[in-house]
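Trainee: I'm new to this one. Could you take me through a single part of it up close, the place where two helices pack together, and what lies around it?

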Amino acid sequence: MSLSAATAPAPLPHPLVERLVITHGYSYADALSDLEGEPRDLLLFLPSHGKPHLETPDIAAVLPELVKSLNGTADRLSAAVAGPALELELRQQLQLALPALVVVRAGTPIGSVARMRDWDEYLARLSAVLGAATH
């Protein structure tokens, strides 16, 4: 579901996470079913709702640039922010440290990268996940 400033959940863990939803227009998802209709792959950001984390604003700041870089000239990738319930579900299911990025295709997680990474490592790991799963 897409949000505006009037409908954004409050509080999001950090102003940079809020910016992803409000300014960049990324979806906010309370459940994986919220993402099933999205035709593009998603980088779902699990920002660590329960406990503030120093890496959360860093990932929020680079996420739009990751989407741009991984898209190239195509429009096959977007991003979303997980709500607390979805974050907890995926953290337990995938045994992730937070904050994390989970690659979601058609409402199904297909890979993840936990914590902040160097730019080249992000690109390599996320490209591998996106390329390994066929459309």
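Mentor: Sure. One term to begin with: contact here means heavy atoms within 4.5 Å. Keep in mind, too, that this is a predicted model.

Now to the pair itself. Two packed helices are described by the angle between their axes and the distance between the axes. Here helix 1, residues 15–22, packs with helix 2, residues 56–71, at an angle of about 30 degrees, and the axes are 8 Å apart. Angles under 35 degrees count as roughly parallel, so helix 1 is roughly parallel to helix 2. The crossing of helix 1 past helix 2 is left-handed.

Who touches whom? From helix 1 come Leu16, Val17, Arg19 and Leu20, and they meet Thr56, Pro57, Ala60, Ala61, Leu63 and Pro64 of helix 2. By kind, that contact has eight nonpolar residues, one polar and one charged.

Next, step back to the largest nonpolar core, which has 25 residues. Leu63 turns up again there: along with Leu43, Phe45, Leu101, Tyr122 and Leu126, Leu63 touches the most other members. Both of our helices give at least two residues each to this core, as do strand 2 (41–46), strand 3 (77–82), strand 4 (100–105) and helix 4 (119–132). Helix 2 gives the largest share, seven residues.

Phe45 is a good residue to click on. Setting aside neighbours within four places in sequence, Phe45 is in contact with Val17 and Leu20, and also with Thr56, Ala60 and Leu63, among others. Another core, of 16 residues, lies apart from the largest one, and Leu35, Leu42, Leu90 and Val104 are among its members.

Definitions and conventions:
Residues numbered from 1 in each chain as written. Predicted model: local features only at pLDDT ≥ 70, side-chain atom pairs only at ≥ 80, totals over all residues. Heavy atoms only, no water. Axes fitted to C-alpha atoms, helices over the stretch in contact; angles between N-to-C directions. Helix = DSSP H or I, 4+ residues; strand = E, 2+ residues; numbered from the N terminus. Parallel < 35°, antiparallel > 145°, perpendicular 65-115°, else oblique. Left-handed = near helix turned anticlockwise from the far one by under 90°. Nonpolar A, V, L, I, M, F, W, Y, C, P; charged D, E, K, R; others polar. Core = buried A, V, L, I, M, F, W, Y, C linked by side-chain atoms within 4.5 Å. Buried < 20%, exposed > 50% of the residue type's maximum accessible area, 1.4 Å probe, protein only.
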